[in-house]
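Let's take a walk through this one together, starting with a helix, moving on to the sheets and the core, and finishing with a few odd spots in the backbone. Keep the viewer open as you read.

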Amino acid sequence: MEAARVILHVDMDAFFASVEMRDDPRLQGRPVLVGGAGRRGVVAAASYEARKFGCRSAQPMVHALRLCPEAVVVAPRHATYVEVSRQVFDIFERFSPLVEGLSIDEAFLDVSGSERLLGTPRQIADAVRKAVREETALTCSVGIASVKFLAKIASGMNKPDGVTEIPAGKELEFLTPLPVGALWGAGPKTEERLAQRGIRTVGDLRRLGPSTLTSWFGAQGAHLYRLSEGIDERAVIPDREAKSISNEDTYAHDVVGVEALKRCLLSQATRVADRLVAEGLRARCVHLKIRDGRFVTETRQCTLPEAVDDHRAIYGAACRLLESVETEGRSFRLTGVGVAALEEASAPVQLGLFDAVGSRGRAPGGAAAAPLRKDSLQAVLSAVRERFGHQALFPGAAGSERRGGATGAISHTRGAPPAEQAENPGPDGPRKPGRRGDGGEGHR
């Protein structure tokens, strides 16, 4: 018989807040909220002291401060979090080559077959926690199971600094009493529909059988039934490639007028281009996201004739997409620019028949051609900002030299709107989307 897989889900405890408390001893023992302090600020992380009052990540900061007026609000330092994340992932990779990052502060590790070298699954989990604590002065919680979704559920059972193991063969015993909402894909509406029928636990759902669930929810019902049986065939895939890169800002004050919107888009297109250059990628698809003051969200996308990593090409496409949005008489609280259809920058490029000298590839007559000037310029600009900060050599048309972020919510804010539109410094995105990912902390 094939041995059961052993998968760990390692989740840092209140990661952003814990880093701030580690670096500033004055915060120890106090309720700490990391995020933007403005009227549209969002909590990126809440310390466990703050969570006792009902504060949590993704919560409006004004609401969190009503729940806990004595909380200390700390502006995010995303570059610091990224550096600590790299330390943590380096530790993970000492225990297994199969490490799949879900976000900047959590990952799956497949340690199947490592018992002879590293000990039992519980011993491996304890060794991971010890290494993280000794080398970063932070804590993490670990879930152990034979499948990914169960390991993730387990890691949240004994926070902070805990371990929960679901032994092979005990999956159904663990799942049966859990609320239906513990299953991936069972959102509040699905939970409500099931509760109306008296279905509240995973055991209740399992007893319905696959045919009933499929008739009620279609493919989602079949998916939920398989999870209720503890079935999840997904493997731990290391270094998953990014499918898209984006910058998105929610503004402290609504943006009005096409020119102001274009300044925001230029800022965001520049950040996206920097990320593409850092990852050695080009993109063929550009998309625009925009949300007005009434929370009406619109999206547009287009495909470019060739893959690009130049901020001017991305910005131009975003502006063309903006032309299809009705802006008259509307104010906008959010804009975002993103790219998809990614490919390696070193991938071959189809040349035009009459490309001039300086085009990619070879010039007419067979002479070797220099790289396009715009490609070289973008690489230089991106390298300067990588070394000296995102404000260095930033396009003047994007607005003021002082570029704040939007809300302080790490999971949403990537670019930097003009200073008059924003309230808090916006962090740069992490280098490896999909591995040490773009997401914030979620509800941990």
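How many residues does helix H13 have, and how far does helix H13 reach from its first C-alpha to its last? Keep in mind that this is a predicted model. Helix H13 covers residues 258-279, so to speak its 22 residues, and spans 31 Å between those two C-alphas. That is close to the 32 Å expected at 1.5 Å a residue. Just after H13 comes glycine 280, with a positive phi of about 70°.

Now for the sheets. Strands of a sheet pair through backbone hydrogen bonds, and they can do it in either the parallel or the antiparallel sense. One sheet here is open and made of five strands, in the order S5-S6-S1-S7-S8, with mixed pairing. Its edge strands are S5 (99-103) and S8, each of which pairs on one side only. On average, neighbouring strands in this sheet are turned by 15° against each other, direction ignored.

Take a look at S1 and its partner S6 (residues 106-110). These two strands run antiparallel and are joined by five bridges. To get your bearings, find isoleucine 7, which stands opposite aspartate 110 in S6. Then look for helix H6 (residues 121-136), which lies across S1, S7 (140-145) and S8. Helix H6 runs at about 160° to S7.

There is also an open sheet of three strands, ordered S3-S2-S4, again with mixed pairing. Strands S3 (43-46) and S4 (72-74) stand at the edges with a single partner strand each, so one side of each has no neighbour in the sheet. Neighbouring strands of this sheet are turned by 30° against each other on average, direction ignored. Strand S2 (residues 32-35) pairs with S4 in the parallel sense over three bridges. Valine 32 has valine 72 in S4 as its bridge partner.

What about the inside? The largest nonpolar core has 40 residues, and those with the most contacts inside it are Leu8, Phe15, Phe92 and Leu109. Helix H4 (residues 78-95) gives the most to this core, namely eight residues. Phenylalanine 92 is worth a click: leaving aside residues up to four places away in sequence, phenylalanine 92 touches Val10, Val99, Ala107, Leu109, Val128 and Val132. Apart from this core lies another, of 28 residues, and its members include Ala260, Cys264, Ala269 and Cys302.

Finally, some backbone details. Alanine 14 has a phi near 45°, a positive value in a residue other than glycine. You'll find alanine 14 in the loop between strand S1 (7-12) and helix H1 (15-23). Is alanine 14 buried or exposed? Its relative accessibility is 2%, so alanine 14 counts as buried.

The loop between helix H7 (148-155) and strand S8 (163-165) is where you'll find proline 160. The peptide bond leading from lysine 159 to proline 160 is cis, with omega near -10°. Aspartate 161 is in the loop between H7 and S8 too, and has a phi near 60°, a positive value in a residue other than glycine. With a relative accessible area of 30%, aspartate 161 is partly exposed.

Methods
Residues numbered from 1 in each chain as written. Predicted model: local features only at pLDDT ≥ 70, side-chain atom pairs only at ≥ 80, totals over all residues. Heavy atoms only, no water. Helix = DSSP H or I, 4+ residues; strand = E, 2+ residues; numbered from the N terminus. Buried < 20%, exposed > 50% of the residue type's maximum accessible area, 1.4 Å probe, protein only. Core = buried A, V, L, I, M, F, W, Y, C linked by side-chain atoms within 4.5 Å. Contact = heavy atoms within 4.5 Å. Pairing = 2+ DSSP bridges. Axes fitted to C-alpha atoms, helices over the stretch in contact; angles between N-to-C directions. Expected span 1.5 Å × (residues − 1).
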